[in-house]
Amino acid sequence: MPELPEVEVVRAGLAPAVTGATVSSVEVLDARALTRHDAASGDFESLVTGARIEAAVRRGKFLWLPIASGRAIVGHLGMSGQLLLRTPDHPGDDRHPRVRMHLEHPEHGEYRVDFLDQRTFGSLAVDRLVPTADGAVAGYSGDVTGEWARSIPAQVAHIARDPLDPAFSDDAFVAALARRASGVKRVLLDQGVVSGVGNIYADEALWASRLHPEQPAAALAPRRSRELLGAVRDVLGRALAEGGTSFDAQYVNVNGASGYFEHSLNAYGRAGLPCSRCGTPIVREPFMNRSSHRCPRCQRLRRAAIRQTSPGA
DNA sequence: CGCAGACCCTGCAGGC
DNA sequence: TGCCTGCAGGGTCTGC
């Protein structure tokens, strides 16, 4: 389950179960789940087996479980990945099982974490932890004191902080928009600028901000950029409070349950339905091999440059 | 470097 | 009924 709220729901579900647990064994049922694992650093199964998990951390859409030896088990759910907590005797008769980790917890006993993934865009890997570039806590885990807290998996280091991260820089975000000629939605989806935002919440934040997805980012006045950032935070926060969005059985928490935010969407998936602000039917338009949803009346492309360019820069 | 597009994979809905 | 097309919330890579 893709975007920040859904990934956070998974992280929060895993954290109490995996923290302090030891991996007793692991089964890799489909090697495609390990495409982001660098075999040069060692065999996945060997590195995971016997590892003691220190925490469950998230930045944007990436999750990781720090283990000893300065490494972490890194997970990305891609478009259709699930991480499910199960009892050891669960049949696991799933259609797309990829990896099973058998855990032993000093208080909770034995159980499994199963990684399922229909479309195989998700992945698990063991990666080394490197210090964060800014020296701040790497991601959200509810614990900022662990030895691993200011370290990030090497393959996640290029991912920007997400807007709910206390160390996120609003100024840097505004500056990044100001120097991008691309449409503002494309920039919102650039995980190197801001992480955690995907197609759904980009459409929702743009609707809330009355911005056309193709509006050149550099054309936004700094004040408008800050409003947009506020809208992103608002929609992510509200979705999180409702357990995330789900459109089908793929998007579930660690117990297999869906979220409720779908009922709160104003643009995404509402093509042909009236805009809840002005009543004009929402339109769906092609965008990067996907779709954008917007209100053709509230979210118009503004041709006039509303921001002064800086020729000296 | 920034940018736009292609690509990875599977399953499902809808049109014919 | 079956075939075909298009579509799906991800990141990464390539070529310009």
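Is the crossing of α1 and α6 right-handed or left-handed? Keep that in mind while you open the predicted model and get your bearings.

**Stop 1: the two domains**

Start by colouring chain A in two parts: domain 1 covers 4–156, and domain 2 covers 170–294. If you mark the C-alpha centres of these two domains, you'll find them 27 Å apart. Now show the residues where the domains touch: 20 residues come from domain 1 and 19 residues from domain 2. Putting domain 1 and domain 2 together buries about 1,500 Å², and carbon and sulfur atoms give 60% of that area.

**Stop 2: α1 against α6**

Next, select helix α1 (residues 4–18) and helix α6 (residues 222–241). Their axes come within 8 Å and cross at roughly 40 degrees. Angles under 35 degrees would count as roughly parallel, so α1 and α6 are oblique to each other. And here's the answer to the opening question: the crossing of α1 and α6 is right-handed. Switch on side chains for Leu-4, Pro-5, Glu-8 and Val-9 of α1, then for Leu-236, Ala-239 and Leu-240 of α6, and you have the contact in view. By class, this contact of α1 with α6 has six nonpolar residues, no polar ones and one charged.

**Stop 3: α5 against α6**

Leave α6 on screen and add helix α5 (residues 199–209). The axes of α5 and α6 come within 8 Å, with a crossing angle of roughly 125 degrees. That pair is therefore oblique too, and its crossing is right-handed. On the α5 side, pick Tyr-201, Glu-204, Ala-205, Leu-206, Ala-208 and Ser-209. On the α6 side, pick Arg-224, Glu-227, Leu-228, Ala-231, Val-232, Val-235, Leu-236 and Ala-239. Sort the residues of this contact by class and you get ten nonpolar, one polar and three charged.

Which α6 residues should look familiar? Leu-236 and Ala-239 are among those touching α5, and they also belong to the contact with α1.

**Stop 4: α3 against α6**

For the last stop, bring in helix α3 (residues 170–178). The axes of α3 and α6 come within 10 Å and cross at roughly 120 degrees, which makes α3 oblique to α6. Look for a right-handed crossing here as well. From α3, select Asp-170, Asp-171, Phe-173, Val-174 and Leu-177; from α6, select Pro-222, Ser-225, Arg-226, Leu-228, Leu-229 and Arg-233. How do the residues of this contact of α3 with α6 divide by class? Count six nonpolar, one polar and four charged. Before you close the viewer, click on Leu-228 of α6: Leu-228 takes part in the contact with α3 and in the contact with α5.

How values were computed. Residues are numbered from 1 along each chain as its sequence is written. Chains are lettered from A and ligands numbered from 1 in the order in which they are written. This is a predicted model: local features need pLDDT of at least 70, side-chain atom pairs count only at pLDDT 80 or more; totals for chains, interfaces and linings use all residues. Side-chain values use heavy atoms; hydrogens and water are left out. Axes are lines fitted to C-alpha atoms, for helices over the stretch in contact, and angles run from 0 to 180 degrees between N-to-C directions. Helices (H or I, at least four residues) and strands (E, at least two) are DSSP runs, numbered from the N terminus. Angles under 35 degrees count as roughly parallel, over 145 as roughly antiparallel, 65 to 115 as roughly perpendicular and the rest as oblique. A crossing is left-handed if the near helix is turned anticlockwise from the far one by less than a right angle, and right-handed if clockwise. Contact means heavy atoms within 4.5 Å. Ala, Val, Leu, Ile, Met, Phe, Trp, Tyr, Cys and Pro count as nonpolar, Asp, Glu, Lys and Arg as charged, and the others, Gly among them, as polar. Domain bounds come from an automatic or database domain assignment. Buried area is the accessible area (1.4 Å probe) that two parts lose on being put together, summed over both.
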